[in-house]
Amino acid sequence: MNDKIASNAAADTSALSLAKISHAELKQRSPETIAKLTHICETLGFFIITDHDIPHSVIRRSIDASRDFFGLSEEVKVKYHQNEQVVTPKTSRGYSAKGEEVLSSNGEPDNKQFFELGIDRPLKPGTYF
């Protein structure tokens, strides 16, 4: 993305509307809600969960911790790389640097870095959450 487009995208937040899905609806696990969630994930990729009981202070601390981690030097972040994790599969936990993942059909590396977290518990067959 060139600088002009990036600057316009940052200035125009009106186009940044995310889908919303209710936590209460998710807990019901109705076929309609599962279909809605599946559609949102397959088409938009992102969503906001509403009416949850996570305190704003916890969300704020999570955002701050994320900013702190990604502000560290690459030398420090790689100590938490996915290859250093003791879970299976290794690609489901830890840090991954810019360009390590390729999801686009044109084969270009993704311009993102990320840190994946998860709950280590077995899933019931046929469930996603």
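Analyst: Let's start with a yardstick: a residue is buried if its relative accessible area is under 20%, exposed if over 50%, and partly exposed in between. One thing to keep in mind is that this is a predicted model.

User: Thanks! Why does glutamate 74 count as partly exposed?

Analyst: Its relative accessibility is 38%. Partly exposed lies between under 20% and over 50%, so glutamate 74 at 38% belongs there.

User: What makes glutamate 74 and lysine 77 a salt bridge?

Analyst: Their side chains meet at 3.7 Å, N to O. The rule asks for a side-chain nitrogen of Lys or Arg within 4 Å of a carboxyl oxygen of Asp or Glu, so the pair at 3.7 Å qualifies. The two residues are three apart in helix H5 (residues 74-77), which means that about one helical turn separates them.

User: Is lysine 77 buried or exposed, and how do you know?

Analyst: Lysine 77 has a relative accessible area of 5%. Buried means under 20%, so lysine 77 is buried, whereas glutamate 74 is partly exposed.

User: How do you know that aspartate 64 forms a salt bridge with arginine 60?

Analyst: The closest N and O atoms are 3.4 Å apart. The limit is 4 Å, so aspartate 64 and arginine 60 make a salt bridge. Both residues lie in helix H4, four residues apart, about one turn of the helix. Aspartate 64 has a relative accessible area of 34% and arginine 60 is at 35%, so each counts as partly exposed.

User: What makes aspartate 110 and lysine 112 a salt bridge?

Analyst: Here the closest N and O atoms are 2.8 Å apart, and that is within 4 Å, so the name fits. Aspartate 110 is at 14% relative accessibility, so it counts as buried, while lysine 112 is partly exposed with 29%. The two also belong to a network of salt bridges that links Glu101, Asp110 and Lys112. By the same rule, the count comes to five salt bridges.

User: Let's turn to the rings. Why is the pair of phenylalanine 69 and tyrosine 95 called edge-to-face?

Analyst: Two values decide. The ring centres are 5.7 Å apart and the planes stand at 65°. A pair needs centres within 6.5 Å, and planes over 60 degrees apart count as edge-to-face, so phenylalanine 69 and tyrosine 95 fit on both points. This pair links distant parts of the chain: phenylalanine 69 sits in helix H4 (residues 56-70) and tyrosine 95 in strand S3 (residues 94-96), 26 residues apart. Both are buried.

User: What makes phenylalanine 69 and phenylalanine 70 an aromatic pair, and of which kind?

Analyst: Their centres are 5.2 Å apart, and the angle between the planes is 85°. Since 5.2 Å is within 6.5 Å and 85° is over 60, this pair is edge-to-face. Phenylalanine 69 is buried, with 15% relative accessible area, but phenylalanine 70, at 26%, counts as partly exposed. One aromatic cluster is formed by Phe69, Phe70, Tyr80, Tyr95 and Phe115.

User: How do you know that threonine 33 is buried?

Analyst: Its relative accessible area is 7%, and buried means under 20%, so threonine 33 is buried. Threonine 33 is found in helix H3. Leaving out residues up to four places away in sequence, threonine 33 touches Ile21, Glu25 and Leu26.

User: What joins the side chains of threonine 33 and serine 30?

Analyst: A polar contact of 2.9 Å joins them. The limit for such a contact is 3.5 Å, and 2.9 Å is within it.

User: What is special about phi of arginine 29?

Analyst: Most residues other than glycine have a negative phi. Arginine 29 has a positive value, near 55°. Arginine 29 lies in the loop between helix H2 (23-28) and helix H3 (31-43). Aspartate 51 also has a positive phi, about 50°, although it is not a glycine; aspartate 51 lies in the loop between strand S2 (47-50) and H4.

User: Last one: how many helices and strands does the protein chain have?

Analyst: The chain has five helices and four strands, and along the sequence they follow the pattern α-β-α-α-β-α-α-β-β.

Technical notes: Residues numbered from 1 in each chain as written. Predicted model: local features only at pLDDT ≥ 70, side-chain atom pairs only at ≥ 80, totals over all residues. Heavy atoms only, no water. Phe/Tyr/Trp six-rings, centres within 6.5 Å; stacked < 30°, edge-to-face > 60°. Buried < 20%, exposed > 50% of the residue type's maximum accessible area, 1.4 Å probe, protein only. Polar contact = N/O pair within 3.5 Å; in protein donor to acceptor, adjacent residues only side chain to side chain. Contact = heavy atoms within 4.5 Å.
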